[in-house]
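Student: I should like a close look at one strand of this model and at what surrounds it. Please begin with its pairing and work outwards from there.

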Amino acid sequence: MKTRFDAIVVGAGPAGSSAALTLARAGLDVALLERGAFPGEKNMFGGVLHRLTALEEIFPDFWNRAPLERHIVKKALTFMTDEASFNVNFDTEASDRPPYNGYTISRPKFDRWLAEEAVKAGARLFCHSTVDNVLREKNKVVGVTLLRDGSELRAPVLIAADGVLSFTAKQAGLRRAQFNPAHLAVGVKALIDLPKEVIDDRFGLVRDQGASNEIVGCTSGVRGGGFLYTNRDSLSIGLVLHLDSLSRGTRTPYDLLNDFMAQPQIAKLLRGGRLLEYAAHLVPEGGYEMIPQIVGDGILVAGDAAAMCIVTGLNLAGINLAAQSGVLAGQAVIR
């Protein structure tokens with residue numbers, strides 16, 4: 001394995017791959033490290049990918065090239081009790097033409113595609129590559145060691161894009177050792193298999209149209225909310241639960257999700273579906289207060305590792321901020 005690069009990016013999610021793509025297109029020799037078997041293998045997503053200004057600048061035809069599921073034409077906010085629900089609907093079918101404002105996606109497909117675009121541009125992707133430690137010389141970050149074989153990779157600059165718990169940023173001394181539970185939530189999601197024609201009929205959709213639904217009042221007293229999104233031939237359904245509130249109760253996220261899926265208003269939408277997967281993931285929700293030091297000597301931090309996520313209920317944004325921060329990190333390295 002080559003051991004010296006112009007830059008090393010840790011994490012092949014939207015932030016890391018956007019950074020690596022930006023660097024590679026500028027002619028830099030960049031290593032993109034991914035701990036999974038492939039980019040996106042360990043990532044969870046239950047939301048809408050809104051228009052990505054950063055990626056549209058890199059890919060003028062982004063929406064035609066990326067592996068997108070459905071474009072959103074129906075949005076709903078639901079207030080729910082055990083026995084009744086009230087919906088506020090926003091319908092954009094009258095202007096159902098590109099460019100669309102948002103899409104549902106599959107993270108394993110999307111992240112893999114974005115990393116492959118970085119590789120096509122010249123980046124070197126190394127999977128099964130978990131960072132064991134950050135290398136320093138005279139307090140400057142100069143590379144990393146890998147857990148699998150102890151090998152050292154060196155570069156003048158490192159971009160940490162390895163998620164909310166960023167081990168890389170922690171090792172570099174850019175984030176605190178302990179998190180405030182009030183700044184974190186846990187997202188739990190089930191992926192339900194349903195034929196496309198059933199989804200179209202059940203949600204009143206045609207062609208590649210999609211629907212998104214955010215829900216409150218469905219978490220049995222735990223602070224948080226629910227979501228339901230249509231993919232091409234599956235539904236993403238789940239909860240986002242604040243850790244500080246969750247820890248004061250006795251119910252597990254899995255139990256709360258099962259109760260949510262069994263509620264009559266939700267169960268009728270899932271009827272006939274088959275569970276494909278269950279996933280859980282930490283979400284940074286501390287906003288500005290949670291953002292760590294994002295620049296150090298020889299290192300930058302991007303994406304969830306830099307708490308680049310907005311979750312207010314009305315506004316949900318993560319991937320677009322991650323991609324934008326990755327592009328900016330790449331541009332900073334180039335300059």
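Which residue in β13 stands opposite K74?

Tutor: The model is a predicted one, and the residue opposite K74 is A211 in β13. The strands concerned are β4, residues 68-80, and β13, which pair in the parallel sense over eight bridges. Strand β13 comprises residues 209-216, and seven of its eight residues are buried, so the strand is largely enclosed by the rest of the structure.

Strand β13 also pairs with β14, residues 224-230. Here the two strands run antiparallel and are joined by four bridges. One of the contacts in this pairing is that of N213, whose bridge partner in β14 is L228. Strand β13 is thus paired in the parallel sense with β4 and in the antiparallel sense with β14.

The residue range of β14, 224-230, also takes in positions 227 and 229, and these carry an aromatic pair. The centres of the F227 and Y229 rings are 5.5 Å apart and their planes meet at 20°; because an angle under 30 degrees counts as stacked, the pair is assigned to that class. Both residues are shielded: F227 has a relative accessibility of 5% and counts as buried, while Y229, with a relative accessible area of 2%, is buried as well.

A second aromatic pair offers a useful contrast. Y254 and Y278 are arranged edge-to-face, with 5.2 Å from centre to centre and 85° between the planes. This pair links distant parts of the chain, since Y254 belongs to helix α8 (residues 253-262) and Y278 to strand β16 (residues 274-284), 24 residues apart. Y254 is partly exposed, at a relative accessible area of 44%, and Y278 also counts as partly exposed, at 36%. A search of the whole structure finds nine aromatic pairs. Elsewhere, ring pairs join F62, W63, Y103, F110 and W113 into a cluster. A charged group also meets a ring: the charged end of R112 sits over the ring of F38, at 4.3 Å from its centre.

Another strand can be set beside β13 for reference, namely β1, residues 7-10. Both of its faces are covered, with A7 and V9 buried on one side and I8 and V10 buried on the other. Strand β1 pairs in the parallel sense with β2 (residues 30-33) over four bridges, and I8 stands opposite A31 in β2. The chain passes from β1 to β2 through helix α1, residues 14-25, in a right-handed β-α-β crossover. Strand β1 also pairs in the parallel sense with β11 (residues 158-160), over three bridges, where V10 stands opposite A160.

Finally, the packing of the nonpolar side chains. In soluble globular proteins, nonpolar side chains tend to be buried together. In this model the largest nonpolar core has 38 residues, of which F62 and F110 touch the most other members. Among the elements that each supply at least two residues of this core are β1, α1 and β2, together with α4 (107-120) and α10 (319-334). A second, separate core of 27 residues includes L194, L205, L257 and L270.

Conventions
Residues numbered from 1 in each chain as written. Predicted model: local features only at pLDDT ≥ 70, side-chain atom pairs only at ≥ 80, totals over all residues. Heavy atoms only, no water. Phe/Tyr/Trp six-rings, centres within 6.5 Å; stacked < 30°, edge-to-face > 60°. Buried < 20%, exposed > 50% of the residue type's maximum accessible area, 1.4 Å probe, protein only. Lys NZ or Arg CZ within 6 Å of the ring centre and 35° of its normal. Pairing = 2+ DSSP bridges. Right-handed = clockwise from strand over helix to strand, strands pointing away. Core = buried A, V, L, I, M, F, W, Y, C linked by side-chain atoms within 4.5 Å.
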